[in-house]
Amino acid sequence: MNIKISGIGSYIPEKSVSNTDFSDHVFLNEDGSPFGYPNEVVVNKFKNITGIENRRYANDQYTSSDLGFFAAKKAIENAKIDPETIDYIIFAHNFGDVKHGTVQSDMLPSLATRVKHKLQIQNPKCVAYDLLFGCPGWIEGVLQANAFIKSGMAKRCLVIGGETLSRVVDDHDRDSMIYSDGAGASIIETSDDESGLLSYESATFANDEAGYLFFGKSYNPDLDPETKYIKMYGRKIYEFALSNVPSAMKSCLDKSGLGIDDVKKILIHQANEKMDEAIVHRFYKLYEKTPPKDVMPMSIHDLGNSSVATVPTLFDQVLQGKIENQEIKKGDVLIFASVGAGMNINAFVYRY
């Protein structure tokens, strides 16, 4: 039994925030001291490392569940299915619904339940729940949908990855420039041809790595220390990803029975351009190869890092021809991979 993505949809917020929009920010070091160089230097270094020039923020009236709903509607339309036939709605996120102007997380009811309500699905046997797995959440949701279907617990699932990270950032932390908002959604069901998920890997490293991403106070000592924002140890995450993601991808590919030359595209979490490039180079080096040109589509330059939304929105954008010099053809072998809070790593090999 092959399990495939029969429908895909995404919601990319219209509001674009450029690097120059951060020119007036007061960036501080972790101890609250000022940087020793101007914002222009900070922004230029940031762009050179991450590749990010712009990022998208949701309109003030929308929350993560709204973005997930918009993406879900497109995925349902793309799959040409009746939403009443969906057995599971799995919504991967990190911080729930955070209304504009606040930092309080709202996850009651679950975001998946909110999407089901917005879709007006009447079937009570359509089970809706949320998945907290960091940036790899959408991929993990696909793997759970795969398990549900293969076990006979479901025939069709809706997997959503959505986030509004712009509302949980510390404006005084230069890492705030990384994060963005967005949502991607997919319909998962059985395949009647050779397309579908071929193999997968998933892991959690929670000894030394558990606290690499966390909620912490602002770098501005004048702000309430009880108000928390997303924080990370960027260098540790970078080193962890380079040490562990390529081997996970190799294990996944080897399980599929396919070779490295069969891989047409690698769709990897859009966290940092330099990090993603290094991961892919190390992955190919494990096979004593160099990456082919255009094997790794990138959307981070214009969309930033929207966490769980980056992989499904990237997939949707490539299929829609919205990323230059990138296309996916029937029969192409793809690798989806991600890394994030946990620290979690996952991947799957997929024949389109």
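Is F205 buried, partly exposed or exposed? With a relative accessibility of 28%, F205 counts as partly exposed, because that class lies between the limits of 20% for buried and 50% for exposed. Please keep in mind as you read that this is a predicted model.

**Aromatic pairs**

F205 has a ring partner, F240, and that residue is buried, at 5% relative accessible area. The centres of the two rings are 5.2 Å apart and the planes stand at 80 degrees, so F205 and F240 make an edge-to-face pair. F205 belongs to the loop between β8 (196-204) and β9 (213-217), while F240 belongs to helix α5 (residues 234-256), so the pair ties together parts 35 residues apart in sequence.

A general remark helps when reading such values: two aromatic rings are described by how far apart their centres are and by the angle of their planes. In total, 21 aromatic pairs are found in the structure. Another of them joins Y62 and F70, again edge-to-face, with 5.0 Å from centre to centre and 80 degrees between the planes. Y62 is partly exposed at 21% relative accessibility, and F70 is partly exposed at 21% as well.

Aromatic residues also gather in a group here: W138, F315, F336, F348, Y350 and Y352 make up one cluster.

Two rings have a charged residue over the face, as listed here.

| Charged residue | Ring | Distance from ring centre |
|---|---|---|
| R235 | Y238 | 5.1 Å |
| K236 | Y233 | 5.3 Å |

**Nonpolar cores**

In soluble globular proteins, nonpolar side chains tend to be buried together. In this model, the largest nonpolar core counts 55 residues, and L253, I266 and F283 have the most contacts inside it. At least two residues of this core come from each of α1 (39-50), β10 (228-232), α5, β11 (263-268), α6 (273-285), β12 (333-340) and β13 (344-351). Helix α5 gives the largest share, 9 residues.

What does L253 touch, leaving aside its neighbours within four places in sequence? Its contacts are L258, G259, I260, V263, F283, Y287, I335 and V349. There is also a second, separate core of 32 residues, with Y88, I139, V308 and F336 among its members. F336 is thus worth a second look, as it also appears in the aromatic cluster with W138.

**Around S195**

S195 sits in the loop between β7 (181-190) and β8. At 5% relative accessibility, S195 is buried, because buried means under 20%. Which side chains does the side chain of S195 meet in polar contacts? One is that of S191, at 3.0 Å, and another is that of D193, at 2.5 Å. Setting aside residues up to four places away in sequence, S195 touches N2, K4, K330, R351 and Y352. Of these, Y352 is also a member of the aromatic cluster described above.

**Annotated spans**

The UniProt record, an unreviewed entry, places the domain "Beta-ketoacyl-[acyl-carrier-protein] synthase III N-terminal" at residues 129-201. That span is 21% helix and 40% strand, and its end C-alpha atoms are 22 Å apart. From the same kind of annotation comes "Beta-ketoacyl-[acyl-carrier-protein] synthase III C-terminal", a domain at residues 253-352 in an unreviewed entry of UniProt. Here the end C-alpha atoms lie 15 Å apart, and residues 253-352 are 31% helix and 22% strand.

Key. Residues numbered from 1 in each chain as written. Predicted model: local features only at pLDDT ≥ 70, side-chain atom pairs only at ≥ 80, totals over all residues. Heavy atoms only, no water. Phe/Tyr/Trp six-rings, centres within 6.5 Å; stacked < 30°, edge-to-face > 60°. Buried < 20%, exposed > 50% of the residue type's maximum accessible area, 1.4 Å probe, protein only. Helix = DSSP H or I, 4+ residues; strand = E, 2+ residues; numbered from the N terminus. Lys NZ or Arg CZ within 6 Å of the ring centre and 35° of its normal. UniProt positions renumbered as here; feature names shortened; annotations may be inferred. Polar contact = N/O pair within 3.5 Å; in protein donor to acceptor, adjacent residues only side chain to side chain. Contact = heavy atoms within 4.5 Å. Core = buried A, V, L, I, M, F, W, Y, C linked by side-chain atoms within 4.5 Å.
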